[in-house]
Amino acid sequence: MSKRTYDHRVRNAIAKSGNPSLFPDLNIPCTTAQQWIREGEKEVVTTHQFTKTELELVVEVESLKRELAQAETKLALLSVALMVSGFRLQYIRIASGELKEKLLDAVAKSIAVVSLKEALDTIGLSMARYLSWSKRKIQCRLSDEVSRPKLTPTKITTKERRAICDLVTSKEYLHFSITSLALFAKRRGLVFASLTIWYRTVREFSLRRPGIRIYPSKPKLGIRASAPNQIWHLDQSLLRLKNGTKVFIRAVVDNFSRCVLAWQVTDGYGGKLTKALIEDAYRRAVASKHHFVPNVLVDSGTENLNRHVDHLVQSGIIKRTIAQLDISFSNSMIESFFRTIKHRWLFMLSLDDLASVRKHVGAFIEDYNTLIPHSALRGATPMEMYLGRWLPAQVDELKNAEERAREVRRITNLNSSCGVCPT
């Protein structure tokens, strides 16, 4: 049975009158009423607003509505006046740290009533600029150096910068690139500024082109396996040496673990080399605990569609799927591997002959498989995923270590001195 709660005015009336039967319709227990009489009246903390009548509240609400309508009208009138006068806070430089601090304090007070985005939109201040000022306020670096145009007379003017911003954010010129827009502005006599100034202005004001993509975007997630050796990717890439010699790099990559199971570097290509590459990868797969009949994704090149590879398919060692013909997926995973090995490694080395390419490719693949963590594998190396050595407990431990380091960093920064503040 739940405990009953009585209005404090009922309690005080019974205590003051000394009559336990003052409100018979409420069925107050006699013992409760007698206890109220013994204890006497109790002081109650309240507000005068609760003592107002319904008529007084209606009058007050209507008065507040009228004041709100007046405030909205004044705000709309002020916004139109600022727009007509050409004043836009987004394009005005405020050098004084005191003025910036006043503006930040005003925004801080306003977010108790409206959201931060609404407050910034009202005054025309970008989120990036607000966050930059807030960070610099903590660092005691809110004041800027006063602008001195006479010291740099060739510096772009505020009017020209505003014209650049208007052109970049205009829907009319959405299909123009920034480079074309800079040349277009010169031909029309709008702005004569270098391309560097255009890009710097875009960065400083965090300008965004107004277009919204309607055409459906390409799928971000391709074909995925649930275990090692279910799906393989096979492809080759051409590498041209300094003396003009062509070298072919071939590899087999496991879809699940991104592990390079087998690779070749040769001066030619053909069905026999592809068959030997697949057999090397198959021997490695048999030695692992996950052994399936792998589905090998290849392109429609002659090195993949020939009697030598057909023999492996007919013998049941592998299945063969032609990317973008048999299925809609591309062979992008191994293409990404070739792009990585070329741009992060091979293109920065002096490659003179076939032997040097084999040496450097082997060194990279060894590190790629066993040393370099992969973001798609949540920090694991491809070989750890392929052999099943990356467990959920290790992922949790990595996350916990990151949290501990963040806490240590927070304590260190709080206990350090910035060299500017007197404290």
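**Entry 1: the sheet**

I started with the strands and found an open sheet of 5, in the order β3-β2-β1-β4-β5, with mixed pairing. Note to self: this is a predicted model. Which strands sit at the edges? I get β3 (260–266) and β5, each of which pairs on one side only. I also looked up the twist: neighbouring strands of this sheet are turned by 20° against each other on average, direction ignored.

**Entry 2: the β3 end**

Next I went to β2 (residues 246–254) and its partner β3. How do β2 and β3 run, parallel or antiparallel? They run antiparallel, and 6 bridges join them. To get my bearings I picked R250, and its bridge partner in β3 is Q264. Then I checked what packs here: helix α13 (residues 354–370) lies across β1 (231–240), β2 and β3. I noted its direction too, at about 170° to β3.

**Entry 3: the β5 end**

Over at the other edge strand, β5, I looked at the pairing with β4. Strand β4 covers residues 295–298 and β5 covers 319–322, and the two pair in the parallel sense over 4 bridges. What connects β4 to β5? I followed the chain from β4 through helix α11 (residues 307–314) into β5, and this β-α-β crossover is right-handed. For a landmark on this pair I'm using N295, which stands opposite K319 in β5.

**Entry 4: salt bridges**

I turned to charged pairs. How many salt bridges are there in the whole structure? The search finds 9. The one I opened up is E39 with R11, whose side chains meet at 2.6 Å, N to O. E39 lies in helix α2 (residues 30–39) and R11 in helix α1 (residues 8–17), so this pair ties together parts that are 28 residues apart in sequence.

**Entry 5: a nonpolar patch**

Last, the surface. I found a nonpolar patch formed by L78, L82 and F87. Together they have about 270 Å² of accessible area. I traced L78 back to helix α3, residues 54–85.

Definitions and conventions. Residues are numbered from 1 along each chain as its sequence is written. This is a predicted model: local features need pLDDT of at least 70, side-chain atom pairs count only at pLDDT 80 or more; totals for chains, interfaces and linings use all residues. Side-chain values use heavy atoms; hydrogens and water are left out. Two strands pair if DSSP finds at least two bridges between them. A crossover is right-handed if, with the strands pointing away from the viewer, the path from the first strand over the helix to the second runs clockwise. Axes are lines fitted to C-alpha atoms, for helices over the stretch in contact, and angles run from 0 to 180 degrees between N-to-C directions. Contact means heavy atoms within 4.5 Å. Patches are made of residues with over 30% relative accessible area and no salt bridge: like charges are joined within 9 Å, nonpolar side chains (Val, Leu, Ile, Met, Phe, Trp, Tyr) within 5 Å. Accessible areas come from the Shrake-Rupley method with a 1.4 Å probe; for residues, only the protein chains shown count as cover. A salt bridge is a side-chain nitrogen of Lys or Arg within 4 Å of a carboxyl oxygen of Asp or Glu.
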